[in-house]
Amino acid sequence: MSLGIDLGTSELKAVLLDECGTVVAHAGIRLVISRPQAGWSEQDPENWWQACLAALQQLRQSQPDAYSRVRCIGLSGQMHGAVLLDQANRVLRPAILWDDSRAIAQAQWLHQEHPEFSEITGSLPMAGLTAPKLLWIKQYEPQVFSDISCVLSPKDYLRLRLTGERVSDMSDAAGTLWLDVRKRDWFEPMVQACGLQLSQLPRLVEGSAAAAGLNAEAAGQLGLRRQLLVAGGGGDNPVSAVGIGAIDAGHGFITLGTSAAIVAITGHVAGNPASAVHSFCHALPQRWYTMGAMLAGASCLRWVTNLLGQENEQTLLQMVEAGLPQTQPVSAAVPLFLPYLAGERTPHNDPLLRGGFMNLGYDSTAATLGYAVLEGVGFGLLDAMHAVHAAGATVGACALVGGGARSNYWAQLLSNIVDREIYTLSGSELSACIGAAKLGFLAYGRGGDLLQSGMPVKERFFPMLAQQPMLQARYQQFRGLLTAAQTLHD
């Protein structure tokens, strides 16, 4: 058995995976986000560890025999978070998360001072990435900064608790902005630009390599073998790619969770920093991926569901399906929605951008507002897809993963908008966990055949030609609203 652990933003999930690629059991523990000020997003790393203990205890109780046969662990997690440790590995402050926008000025400063670094690190400096956060700490919390012995990404903090070792992998390290993504090694000039030394960063391994062994304390807490192997693992998007079998150049997928992204696997670095397109290391050696990222994805649907006082997202989706059937073109009177509730990354790189509805009228209903949100997220993904294409990556038929993939209506709408086949997968909500468990097997010397096996296709969706003229016109209107939205914070 391999144990795959995925530290998400809203939930920690864990699976037991056998050597045939079958999920024997899975468990999940919800997590909460602290937002002490506008634009801030933090979590206490101790809560991650307690969630990990609770999830693994569930697996141990539900499948004691399978749990006893665990021989390796793989890790996946939310990227770009900053976990700050002192010399004794004590956490100095709450972790600053990927969607935190406090470091806007620091990101701008890094770009102004070192514009040439973006081609090396694979991305423009952005407030959400790790490096600018450390400059913010240096400026506003100098005592904390002076006490930093090591900076870890979120899933690597779990590894620290499991093994006592400070280790990261290439894919998560790429998301810090401190990695030379071609050489797959720390880029010392950027590290120093943030006031840090290489000694304050973790040791690097590939995601499929052995990173460390389970220490005695964690083994006792978890009821697992001491020195059980822990793999390098990776960031949530590249590890999800491993989970669904997107491992070779030309493979691509759309993830529609709290955030959203379009990911294209490449055999070389293919970024477009000017359009906020990332080129990061894959969780497998000698592979990279090009990504266009949105800061708000399916969370927009959750937001509008609460705003409209609906019982849950499914209730609102049923209203949308009944009121705006996809056999008919959308009326020009339906509102438009800008999905920038947390700012935007690709292609605008503007964390201060905010969302909104336009074209509201007395005839606007919960159904039309719900539809506008689904469509607006789709238009945002189309913006990101255009930017990814401009970077030189190719995107063909796309798997759709994440919570948004549960809606066939949304999947069909996305197919209509991006004008290509979209397909959903059975079990894709566990793709990051499964990918992590696969990486665990690889580090253990098993499971090479599991890499080529993806997940069973649940349903396929193809563009509906009758919908396209209206959607293309609405997309142009959507793009025309950007300038007005930008003026609200200039």
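This section describes an open sheet, the helix lying across it, and the internal cavities of a predicted model.

The sheet is open and comprises 7 strands, arranged in the order E18-E19-E17-E16-E22-E23-E24 with mixed pairing. Strand E18 (278-281) and strand E24 (457-461) occupy the edges; each has a single partner strand, so one side of each is left without a neighbour in the sheet. From one strand to the next, the twist averages 30°. Within this arrangement, strand E17 (residues 260-266) and strand E19 (residues 288-294) run antiparallel and are joined by 7 bridges. Valine 263 is placed opposite methionine 291 of E19. Helix H11 (residues 236-244) lies across strand E16 (252-256), E17, E19, strand E22 (398-401) and strand E23 (422-425), and its direction makes an angle of about 120° with E16.

The interior was also examined for enclosed space. Rolling a probe the size of a water molecule over the atoms reveals where empty space is left. The structure contains 2 cavities of 30 Å³ or more. The largest cavity has a volume of about 110 Å³. It is lined by 13 residues, of which Ala127, Gly128, Leu295, Arg345 and Pro351 are the closest to its centre. The lining of the largest cavity consists of 6 nonpolar, 3 polar and 4 charged residues.

The second largest cavity has a volume of about 70 Å³. Among the 13 residues lining the second largest cavity, Val151, Ser153, Thr176, Trp186 and Pro202 are the closest to its centre. At least two residues of this lining come from each of strand E8 (150-152) and helix H8 (170-174). By class, the lining of the second largest cavity comprises 7 nonpolar, 4 polar and 2 charged residues.

Note on methods
Residues numbered from 1 in each chain as written. Predicted model: local features only at pLDDT ≥ 70, side-chain atom pairs only at ≥ 80, totals over all residues. Heavy atoms only, no water. Pairing = 2+ DSSP bridges. Helix = DSSP H or I, 4+ residues; strand = E, 2+ residues; numbered from the N terminus. Axes fitted to C-alpha atoms, helices over the stretch in contact; angles between N-to-C directions. Contact = heavy atoms within 4.5 Å. 1 Å grid on protein atoms, 1.4 Å probe; cavity = no way out; pocket = protein on both sides within 12 Å on 5 of 7 lines; lining within 4 Å. Points joined across faces, edges and corners; volume = space filled by probe spheres on them. Nonpolar A, V, L, I, M, F, W, Y, C, P; charged D, E, K, R; others polar.
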